[in-house]
Each structure stands twice: as C-alpha cells, then as structure tokens.
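Before reading on, please keep the sequence and the three-dimensional view side by side, since the paragraphs below move back and forth between them.

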Amino acid sequence: MNQFKTVLALISSIGLLAPNAATAQGSRPIPLAQPKAANLARMRAESLNGGLGQYRAASCMYETGAGSCLESVSESGFLFRFRGGAPGWQQQTPPEPTIETSVLVSRDGDRILEVSYNGTIR
C-alpha cells in the first residue's frame, strides 16, 4: 500500500494525471482545444498558400498549441499570427519569410471564424 502511494505521488508530480496539456515550458497548462485550433489555423494557411509543396508555416505552428504564434485568446477564440514562405525559408541565414497570416479559430478549436490577413509581411 505504501508503494502504491509513492507511485501515485510520483505520477502526479510529473503531470501524468493533469487534466490539461502542458506547454513546452511545462509551467502553464494550455486549453485542450488550443492544439486542435493551431493545427486548423496552420492547415488553412497551407491551403491558402498553395499546399505543402509551395508553403511552410513558421516552426511555432508545429509546436503543441503553437504558443509562441498565439496572438490572443478571447471569448471569440484563438487568434494565431504567424509567418511562412517557400519550403526551406526557415533554414536560410537569415530566415526570410514572405507571407504573414492571421487566423481566428473558435474556442472549441473546430471552426475557422476568420482569416483576417494572408499576404505579404506587414
């Protein structure tokens, strides 16, 4: 019984029983809908800009929840703002993105509410 309590305490301390996903930093839980919303926003940008053969979103959009590309969270939803460009743009020195995209996704992560910008870098 004592070993069970020790194992349970260990599991709890490393976050395996946490109800929400954790950020890359591991300090702040992210809403469960955020990774889904980020994937939806990234896929919309890929579609708008010619598909993966012609476009790659910034690497932040491939992180769980895209926290560093998340502009805001409000009652309206998740607003992502990120850059992108031709495949390989991030490996250039310096990286030279050519497109900026802003996408608002619903709070449940299921719907694109608005693509407010998809064009040259502002």
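What follows goes from one helix to the core beside it, and then to a few side-chain pairings.

The model is a predicted one, and a convenient place to enter it is helix α2, which runs over residues 33-48. With 16 residues at 1.5 Å a residue, this helix should span 22 Å, and its end C-alpha atoms are 23 Å apart, so the expected and computed values agree. Just after α2, G50 takes a positive phi of about 100°.

Which residues of α2 are buried? They are A33, Q34, A37, A38, A41, R42, A45 and E46, a list in which the alanines are joined by Q34, R42 and E46. The cover over these buried residues includes several strands, namely β2 (29-30), β3 (56-57), β4 (70-73), β5 (78-85), β6 (99-105) and β7 (112-120).

From the helix one can pass to the largest nonpolar core, which has 20 residues and in which M61, F80 and F82 have the most contacts. The elements that give two or more residues to this core are α2, β5 and β6, and the largest share, five residues, comes from α2. The surroundings of F82 can be followed residue by residue: leaving aside its neighbours within four places in sequence, F82 is in contact with A41, R42 and A45, with Y55 and A57, with C60, M61 and C69, and with I99, E100, T101 and V103.

Two of the residues that F82 touches, C60 and C69, also form a disulfide with each other, their sulfur atoms being 1.5 Å apart in this model. Both cysteines, C60 and C69, are buried, and the count of disulfides comes to one.

The aromatic side chains offer a further view. By the ring-pairing rule, the count comes to one aromatic pair. The rings of F78 and F80 have their centres 6.4 Å apart, and the pair is classed as stacked because the planes lie at 25°, where stacking calls for planes under 30 degrees apart. F78 and F80 are both buried, and F80 has already appeared among the residues with the most contacts inside the largest nonpolar core.

Where does the charged end of R107 sit? It sits over the ring of F78, 5.7 Å from the ring centre, while F78 is also a partner of F80 in the stacked pair. A second arginine, R122, lies over the face of Y117, at 3.8 Å from the ring centre.

Key: Residues numbered from 1 in each chain as written. Predicted model: local features only at pLDDT ≥ 70, side-chain atom pairs only at ≥ 80, totals over all residues. Heavy atoms only, no water. Helix = DSSP H or I, 4+ residues; strand = E, 2+ residues; numbered from the N terminus. Expected span 1.5 Å × (residues − 1). Buried < 20%, exposed > 50% of the residue type's maximum accessible area, 1.4 Å probe, protein only. Contact = heavy atoms within 4.5 Å. Phe/Tyr/Trp six-rings, centres within 6.5 Å; stacked < 30°, edge-to-face > 60°. Lys NZ or Arg CZ within 6 Å of the ring centre and 35° of its normal. Disulfide = S-S within 2.5 Å. Core = buried A, V, L, I, M, F, W, Y, C linked by side-chain atoms within 4.5 Å.
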